[in-house]
Amino acid sequence: MSLPGGPEDMLIDEACRDLKLPAFRERFIELAGTARREQATYKQFLLDLLQVELADRDVRRQQRLLRLARFPRPKRLEDFDFTKRTARRRRPPGGRRRGARRPGR
């Protein structure tokens, strides 16, 4: 998604792509409008953009680490499909069926 506006906005968009700043790129117009309304200083505007980028990176890092950890999928009783349950009989200790004859008898 490229930014709307003049050539400066397009250059900012391109620079954000090159520098791999996705949150900065996505929220630039919104934060610029907010900074203009609140008459924020350039430093405050830059700080807001950097904080947004840092927060986004932290979230993406946590998601990436969770994926890499390959934790087992959480299981809940509500998610269990009882219709697919197969009926299996439990064998008594020793592994023989009831009434089965021992070999050699």
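A polar contact here is a pair of N or O atoms within 3.5 Å, where one must be able to donate a hydrogen and the other to accept it. With that in hand, let us walk through this predicted model, starting from Arg25. The side chain of Arg25 makes such a contact with the side chain of Asp13, at 2.6 Å. Arg25 sits in helix α2. Is Arg25 buried or exposed? Its relative accessibility is 15%, and buried means under 20%, so Arg25 counts as buried.

Arg25 has company along the helix: Ala23, Phe24, Phe28, Leu31 and Ala35 of α2 are buried as well. An α-helix has 3.6 residues a turn, so residues three or four places apart point the same way. The buried residues of α2 pack against α1 (7-18) and α3.

Now take a look at the helix itself. From its first C-alpha to its last, α2 reaches 24 Å with 17 residues, close to the 24 Å expected at 1.5 Å a residue. There is also a kink of about 55 degrees, centred on Phe28. After α2 comes Gln39, with a positive phi near 55 degrees.

Phe28 also belongs to the largest nonpolar core, a set of ten residues that includes Cys16, Leu21, Phe45, Leu49 and Val52. Two elements, α2 (22-38) and α3 (42-69), each give two or more residues to this core, and α2 provides the largest share, five residues. In soluble globular proteins, nonpolar side chains tend to be buried together. Finally, consider Leu21, another member of the core: leaving aside neighbours within four places in sequence, Leu21 is in contact with Cys16, Glu53 and Arg57.

Technical notes
Residues are numbered from 1 along each chain as its sequence is written. This is a predicted model: local features need pLDDT of at least 70, side-chain atom pairs count only at pLDDT 80 or more; totals for chains, interfaces and linings use all residues. Side-chain values use heavy atoms; hydrogens and water are left out. A nonpolar core is a set of buried Ala, Val, Leu, Ile, Met, Phe, Trp, Tyr and Cys residues joined through side-chain atoms within 4.5 Å. Buried means under 20% relative accessible area, exposed over 50%, partly exposed in between (1.4 Å probe, protein chains only). Helices (H or I, at least four residues) and strands (E, at least two) are DSSP runs, numbered from the N terminus. Contact means heavy atoms within 4.5 Å. The expected span of a helix is 1.5 Å times one less than its number of residues. The bend at a residue is the angle between axes fitted to the seven residues ending there and the seven starting there.
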